[in-house]
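The exercises below ask you to work through a protein model by hand, one step at a time. Please keep the sequence and the structure open beside the text while you do so.

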Amino acid sequence: MGLFDTLRSVLGVRTDADATRDADPEDLFGMSTAYVTMEADLDFVPVDAAALCFSSVDSTDFDATVDDVEEILRAGGAETGTTFHRHEDDHGYRWVVLEDDDPEDLVTSVHFAADTFVERGYGSRLLAAAFGFERSRDGIRAYWLYSFRRGAYYPFVPTGDHERDNRLEFKLQSVLDGELDVEKDESYWYPLWPGDDGGHPWT
C-alpha cells in the first residue's frame, strides 16, 4: 500500500461510508487547556499556527461551503487578529491554515471552520486538525493531530527525513492523556510529514 493509499485508509476518506464516527468539532476545545500543559510541564510553546485538513467534493455547494468558511474566519479575524490562507498539498488534500499568537484564538477559529463543514453536511470531508508546538531549549517540533474519523488526538514528532521520535510521542501521550482524548490504537498515529524540510504538515 502506497503512502497516499495508507493516508486515505487511516483517515477514512475513500468514501463517506469509511467514517468510523460523525465529526464532532466540540472535541477540539480540549486543546484550549492542553497548550498550557504543553508549556508548563513539557517546555513546548505554540508555534502560533494551526490548520484544518479536509478532502474536497466536486460540487458548487461544497465550493460555496468553503467560501462560507472563509467569510466566517475573515469576520472572526477582524476581532481576534487571526489570519488565514488556503493551501492544497501534493496529495490533493486541502488545508485552511491559521496564524495567531493567541492559541485560544486558533482553537476557536479551527472549531468555527470545522463546525461550518458539519452544519453544511460535509462533516465526513474533515480529515484532521493540526496544532503545532516547539520546544524552547532545542527547537524540536511536536504536533497534536486530531482525527475527525477516530474522534481522538494523537502526538506526532517528526525528526527529519521521514523519521519520528516515538519516545517523545509516548511521553506526550502520558502527560496529556486524560486532558485530551488520546487515540489508544497506536496504529492510527499516522504521520503527516511536512512537505518541506523544516516546514509544518500543512506546508
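**Exercise 1.** Classify the residues that line the largest cavity as nonpolar, polar or charged, and state which elements supply them.

*Solution.* In this predicted model, the lining of the largest cavity divides into 10 nonpolar residues, 1 polar residue and 1 charged residue. To see where these come from, list the lining, which includes Met-31, Tyr-35, Asp-48, Leu-106, Gly-132 and Phe-133. Next, assign the lining to elements: helix H2 (31–42), strand E1 (44–54), helix H4 (103–119) and strand E4 (126–135) each supply at least two residues, and the largest share, 4 residues, comes from E1. Finally, note the volume, which is about 80 Å³; a search of the whole structure finds 1 cavity of 30 Å³ or more.

**Exercise 2.** Asp-100 is buried yet has no salt bridge; determine which side chain of opposite charge is nearest, and then find the polar contact that joins its side chain to another.

*Solution.* Begin by placing Asp-100, which sits in the loop between strand E3 (94–99) and H4. The nearest side chain of opposite charge is that of Arg-74, 14 Å away, whereas a salt bridge requires a nitrogen-to-oxygen distance within 4 Å. Then look for polar partners: the side chains of Asp-100 and Thr-82 are joined by a polar contact of 2.5 Å, and a polar atom of the Asp-100 side chain lies 2.7 Å from the backbone nitrogen of Asp-102.

**Exercise 3.** Examine the salt bridges between Arg-120 and Asp-61, between Arg-86 and Glu-70, and between Glu-183 and Arg-150, and decide for each partner whether it is buried or partly exposed.

*Solution.* The count for the model comes to 10 salt bridges. In one of them, Arg-120 and Asp-61 meet at 3.1 Å, N to O. Arg-120 lies in the loop between H4 and E4 and Asp-61 in helix H3 (residues 60–80), so this pair ties together parts that are 59 residues apart in sequence. Arg-120 is partly exposed at 30% relative accessible area, and Asp-61 is partly exposed at 35%.

Turn next to Arg-86 and Glu-70, whose side chains meet at 2.7 Å, N to O. This pair links strand E2 (residues 83–88) with helix H3, 16 residues apart. Arg-86 counts as partly exposed at 38%, but Glu-70 counts as buried at 17%, the cut-off for buried being under 20%. Both belong to a network of salt bridges that also links Asp-67 and Arg-74.

Last, the closest N and O atoms of Glu-183 and Arg-150 are 3.0 Å apart. Glu-183 is buried, with a relative accessible area of 5%, while Arg-150 counts as partly exposed at 28%.

Conventions
Residues are numbered from 1 along each chain as its sequence is written. This is a predicted model: local features need pLDDT of at least 70, side-chain atom pairs count only at pLDDT 80 or more; totals for chains, interfaces and linings use all residues. Side-chain values use heavy atoms; hydrogens and water are left out. On a 1 Å grid over the protein atoms alone, a cavity is a set of points where a 1.4 Å probe fits but cannot get out, and a pocket is an open set with protein on both sides within 12 Å along at least five of seven lines; lining residues have an atom within 4 Å of a point. Grid points are joined across faces, edges and corners, and a volume is the space filled by probe spheres set on the points. Ala, Val, Leu, Ile, Met, Phe, Trp, Tyr, Cys and Pro count as nonpolar, Asp, Glu, Lys and Arg as charged, and the others, Gly among them, as polar. Buried means under 20% relative accessible area, exposed over 50%, partly exposed in between (1.4 Å probe, protein chains only). Lys and Arg count as positive and Asp and Glu as negative; His and the chain ends are not counted. A polar contact is a pair of N or O atoms within 3.5 Å; within protein, one must be able to donate a hydrogen and the other to accept it, and residues adjacent in sequence count only if both atoms are side-chain atoms.
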